[in-house]
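Here's a quick briefing to read alongside the structure. Have the viewer open and follow along.

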Amino acid sequence: MAKYSIGVDYGTQSGRAVLVEIGSGREIATSVKEYTHGVMDEYLPGGKKKLEDDWALQHPNDYLEVLQVTIPSVLTKANVSAEDVIGIGIDFTACTVLPVKNDGTPLCMIDQYKDEPHSYVKLWKHHAAQDEANRLNELAEERGEDFLKRYGGKISSEWMFPKVWQILNEAPAIYQEADQIVEATDWVISQLTGEIRRNSCTAGYKAIWHKQKGYPSKEFFKALDPRLENVVEEKLSNEIHSIGSKAGEITAEAAALTGLKQGTAVAVANVDAHVSIPAVGITEPGKLLMIMGTSTCHILLGEEEKIVPGMCGVVEDGVLPGLMGYEAGQSCVGDHFEWFTENCVPAAYEEEAKEKGMNIHQLLTEKASKLQPGESGLLALDWWNGNRSTLVDVDLTGVLLGATLLTKPEEIYRALIEATAYGTRTIVEAFRNSGVPVNEIYACGGIAEKNALMMQIYSDVLNSEIKISASSQTPALGSAMFGAVAAGKERGGYDSITDAAEEMGRVKEETFKPNSASAKIYNQLYAEYETLYNYFGRGENDVMKRLKNLKKQNI
Ligand SMILES: Nc1ncnc2c1ncn2[C@@H]1O[C@H](COP(=O)(O)OP(=O)(O)O)[C@@H](O)[C@H]1O
Ligand SMILES: O=C(CO)[C@@H](O)[C@@H](O)COP(=O)(O)O
């Protein structure tokens, strides 16, 4: 009798559940729920309370709606009984955090706090804690804190402690009222099992936790702000659960919400990028996976802990048990194509797309595919939402160089794609130059699935073959695999995630191979990109920061 597992992937705009057959890895049914509140970056719900620049919030009730809608939907679509679903796993964007009471109630869901922005979920791309991140980095450097180098030399404002400290600085009452500040991924799992069990992946990559050394010292936190001395004990926890282990079982309430059977195994929470590694069948070092969507994350396994400038982090067991997991990333990939389609495309293009039965991305891609590398005369920097790796600076902004009165939208669209490919190349080179081998490149995620031109450009810019995930829902498949591991072999699942990866993870047969003529031109363009990257990104000309400051003064 076939057994199944469910994976739920919480993205930036929506949550998706996939019901997967254990063993074959066959995805039997998928269901997607857009978040009711979406990303709140201008107003709180109700549209009255305006948010400041660089804020990005979410509403935790949207996450529960995803469970409530998508799980019954995949069970019905697949015509599978909940009896035959042995496990569930979830993955999430990160660092996406919220303040909660001890019983798990999010503060924003308590009437008294619903008009206070700091009571909501701070989404990964909430960039308003940059001052806190800067002060944290300065102090860590001054004190010679050993942890900094494990995070490429800088802690990002996207991560846990800058966000926690921003709450304390700007809304001390909310900080006080919060019994815990948790990653949304751990919070959703707690809604399924009745207990908060923090996972080692977000603790390691986003909250400066080390398997042997724990969190930064109390002295460090005290020096940062005396009120933070006991932040770990007061708002987080020293008890961290390894990914690949079981968080608990579906409670009666969660069974009523989801239609799953009470007692179904639930995996410890995970992150969208990291969970994708086993889903493409990677179980060994040297294979870099790009998870390409709103943003791109780069995940790579290694044997040793090496220090790579500007990486997001290296965490032992952070991705697969027994190996070092490296993460790097680009904060804005699909997001700036979306910005472009929403702000810079003439009505005639919209009409043409409609006539051809395409969406605007498809039309621009079709037009861009007719261009040769270098033909447009354009060069862009991919910093429309700051630079995550290798500069770790959210105050950097976008650049488009070489535009003339003849420049066409598809040329800009292609230049933006190329910019993201160059950004990935700087990351790959940083790993290689630091002694972390990158021998093969894999891609998954919405963009790897939807945009073949983009994958060919990446192959040419990186001068490397690119293997594509066989799944259109790679993170959800990875989560379902973790669900099967939580259930264990005895209940029809697996004993380890490596066993699951070997059986259920796979890539497509067709790969993207570099075209040597294009690769040659892209080498030239990349050299120009590097010059601009260093000029604007490494302090030679801080014009982007000066402009941002001017803008702040005018708000
Ligand atoms: N054909 C396309 N080519 C390039 N980008 C696309 C295309 N279609 C959608 N996008 C971009 O992909 C992003 C969504 O990626 P996806 O992987 O589906 O979601 P998420 O990142 O939330 O997990 C959006 O930013 C959108 O602008
Ligand atoms: O930063 C991480 C993972 O570490 C991602 O969750 C974050 O970039 C958001 O990913 P998406 O672009 O929404 O897939």
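Which of the 13 residues around ligand 2 come nearest? They are Thr12, Lys206, Asp272, Ser295 and Glu327. Keep in mind that this is a predicted model, with ipTM at 0.96 and pTM at 0.94.

**Confidence**
- The protein chain has a mean pLDDT of 97, and 100% of its residues reach 70 or more.

**Ligand 2: who touches it**
- Lys206, one of the nearest residues, has a side-chain N or O atom 2.6 Å from an oxygen atom of ligand 2.
- Glu327 is also on the nearest list, and a polar atom of the Glu327 side chain lies 2.6 Å from an oxygen atom of ligand 2.
- Arg388 joins in through its side chain, where an N or O atom is 3.0 Å from an oxygen atom of ligand 2.
- On its own, ligand 2 has 380 Å² of accessible area, and the protein covers 93% of that.

**Ligand 2: its surroundings**
- Sorted by class, the shell around ligand 2 comes out as four nonpolar, five polar and four charged residues.
- If you're hunting for the site, look in the largest pocket, which is where ligand 2 sits.
- Ligand 2 lies between two domains, because domain 1 (4-133 + 157-193 + 243-274 + 474-498) and domain 2 (281-468 + 515-555) both give residues to its shell.

**Ligand 1: who touches it**
- Ligand 1 has 16 residues around it, and Arg16, Thr294, Gly334, Gly446 and Asn451 come nearest.
- Backbone atoms feature here: a backbone N or O atom of Gly334 lies 3.0 Å from an oxygen atom of ligand 1.
- Gly446 has a polar backbone atom 3.0 Å from an oxygen atom of ligand 1.
- Thr12 offers a polar backbone atom 3.2 Å from an oxygen atom of ligand 1, and Thr12 is also among the residues that come nearest to ligand 2.
- Taken alone, ligand 1 exposes 590 Å², of which the protein buries 86%.

**Ligand 1: where it sits**
- The space that ligand 1 takes up is the largest pocket, and ligand 2 sits in the largest pocket too.

Terms used: Residues are numbered from 1 along each chain as its sequence is written. Chains are lettered from A and ligands numbered from 1 in the order in which they are written. This is a predicted model: local features need pLDDT of at least 70, side-chain atom pairs count only at pLDDT 80 or more; totals for chains, interfaces and linings use all residues. Side-chain values use heavy atoms; hydrogens and water are left out. pLDDT is the predictor's confidence in each residue, from 0 to 100. A residue is near a molecule or strand if one of its heavy atoms lies within 4 Å of it. A polar contact is a pair of N or O atoms within 3.5 Å; within protein, one must be able to donate a hydrogen and the other to accept it, and residues adjacent in sequence count only if both atoms are side-chain atoms. Accessible areas come from the Shrake-Rupley method with a 1.4 Å probe; for residues, only the protein chains shown count as cover. On a 1 Å grid over the protein atoms alone, a cavity is a set of points where a 1.4 Å probe fits but cannot get out, and a pocket is an open set with protein on both sides within 12 Å along at least five of seven lines; lining residues have an atom within 4 Å of a point. A molecule sits in a cavity or pocket if more than half of its atoms lie within 2 Å of its grid points. Ala, Val, Leu, Ile, Met, Phe, Trp, Tyr, Cys and Pro count as nonpolar, Asp, Glu, Lys and Arg as charged, and the others, Gly among them, as polar. Domain bounds come from an automatic or database domain assignment.
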